[in-house]
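Please open the model in your viewer and keep the sequence panel beside it. The stops below say what to select next and what is to be found there.

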Amino acid sequence: MNLKVKLCVVSLLLCFLPIKVNGDDEIGNFFLTLQWPFSYCNVHHPDKLTCFRPVPGDFKIHGLWPVYRNGFWPINCPARKLEEQMLKNKKEDIAMEWQALEPRGGGRDYSNLKFWKHEWEKHGSCSKMEEPLSYFLKAIELKKKLKGLNVFLDRSGIKPGGTRFTPKKLIEIIEKNYKVKVNLRCNFNYADKTVPQLIEIRFCFNPKFDLSSCKPITADKCGCGGEEKEILLPDETSLSDKNTERDEKDEL
């Protein structure tokens, strides 16, 4: 291959390689995503999704997701694999706030580890944290900054069950108590497609892990139907017997 051909090949390759812009991989903020377990467990046909019981009655961590300053959501960055021994004696502490709600090929302990591996490899690997344990403990530390969330909602009339409220009201309640704006996500109960139900509240933290406002996402783009659309927070009555027929016995 002569020099001219080699140069053409190199030019073609460069056209298809991503060009890194200085600073495009700087983390702009982290989403701490909290999910409402009942909204997760009642969304599929009972024969297709069966959650562990008892289903938790408070918000649990879904993930801690970094977002670059340019708005890009990085995933699956090069990083060390999560091994169980890396979590040392902190597995129970992590599981209290960050747990697999449904079996992932085994019992609760096995499913938790599989869920954590997924979150670390997909999101934690891009968090600039070298150790998986640091990533999980940081998420739990951030959730502690939101202590009282259920109490604030309850006192404001947002209670699990049939009580309806609007996304606008929920966002205003959170802003009043935490001084920041959040993003919401809704879905539907498999058995009732008439009223959206809240499944996630996403809190934002800056790179120094200070609580900050999220970039607004309109409620109609997150499954909630609109700012004034009524939504609800389901409770255990939204589940069928099949949704929670599994017990906590490990199946390793």
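Which residues of α4 are buried? In this predicted model, selecting α4 and colouring by accessibility should bring out Arg108, Ser111, Asn112, Leu113, Phe115, Trp116, Glu119 and Trp120 as its buried residues. These buried residues pack against β2, α3 and α5, so display those three elements alongside the helix. The length of α4 is consistent with its residue count, because 15 residues at 1.5 Å a residue should span 21 Å, and the C-alpha atoms at its ends are 21 Å apart.

**The whole chain**

Before going further, zoom out to the full protein, whose secondary structure comes to seven helices and seven strands. Followed from the N terminus, the elements run α-β-α-β-α-α-α-α-β-α-β-β-β-β. Of the 252 residues, 45% count as buried. If one takes the contacts between residues at least 6 apart in sequence, 75% of them join residues at least 24 apart.

**From α4 to α5**

Now add helix α5, residues 132–144, to the selection. Its 13 residues should span 18 Å at 1.5 Å a residue, and the end C-alpha atoms are 19 Å apart, which agrees. The axes of α4 and α5 are 11 Å apart and the helices pack at an angle of about 100°, which makes α4 roughly perpendicular to α5. Show side chains at the contact: α4 contributes Trp116, Glu119 and Trp120, while α5 contributes Pro132, Tyr135 and Phe136. Sorted by class, this contact has five nonpolar residues, one charged residue and no polar ones.

Keep α5 selected and pick out its buried residues, which are Pro132, Leu133, Tyr135, Phe136, Lys138, Ala139, Ile140, Leu142 and Lys143. What covers them includes β1, β2, α3, α4 and β5, so the strands in that list are a natural next selection.

**The strands β1, β2 and β5**

Select β1, residues 27–35. Nine of its nine residues are buried, so the strand is largely enclosed by the rest of the structure. β1 is joined to β2 by eight bridges, the two strands running antiparallel, and one pair to label here is Leu32 with its bridge partner Leu64 in β2. β1 also runs antiparallel to β5, to which six bridges join it; on this side, label Thr33 and its bridge partner Arg202 in β5. As you look along these strands, bear in mind that in a regular strand the side chains alternate between the two faces of the sheet.

**The hairpin of β4 and β5**

From β5, residues 192–205, move to β4, with which β5 pairs in the antiparallel sense over six bridges. The connection is a hairpin that joins β4 to β5 through two residues. Within the pairing, Arg185 stands opposite Glu200 in β5. Strand β4 covers residues 183–189 and is mostly covered, five of its seven residues being buried.

**Three backbone features**

The last stops concern backbone angles, and a general point helps in reading them: most residues other than glycine have a negative phi, and most peptide bonds are trans.

Begin with Arg53 and Pro54, which are joined by a cis peptide bond with omega of about -5°. Pro54 has its place in the loop between α2 and β2.

Next select Lys88, in the loop between β2 and α3, where phi is near 50°, a positive value in a residue other than glycine. Lys88 is exposed, with a relative accessible area of 63%.

Is the next residue, Phe209, buried or exposed? Phe209 lies in the loop between β5 and β6 and also has a positive phi, near 65°, but its relative accessible area is 14%, which is under the 20% cut-off, and Phe209 therefore counts as buried. Leaving aside neighbours within four places in sequence, Phe209 is in contact with Phe30, Met129, Lys138, Leu142 and Lys145. Among these, Lys138 and Leu142 belong to the buried residues of α5 listed earlier. To finish, draw a distance between the C-alpha atoms of Phe209 and Asn29: these residues are 180 apart along the chain, and the atoms are separated by 8.2 Å.

Definitions and conventions. Residues numbered from 1 in each chain as written. Predicted model: local features only at pLDDT ≥ 70, side-chain atom pairs only at ≥ 80, totals over all residues. Heavy atoms only, no water. Buried < 20%, exposed > 50% of the residue type's maximum accessible area, 1.4 Å probe, protein only. Helix = DSSP H or I, 4+ residues; strand = E, 2+ residues; numbered from the N terminus. Pairing = 2+ DSSP bridges. Expected span 1.5 Å × (residues − 1). Contact = heavy atoms within 4.5 Å. Axes fitted to C-alpha atoms, helices over the stretch in contact; angles between N-to-C directions. Parallel < 35°, antiparallel > 145°, perpendicular 65-115°, else oblique. Nonpolar A, V, L, I, M, F, W, Y, C, P; charged D, E, K, R; others polar.
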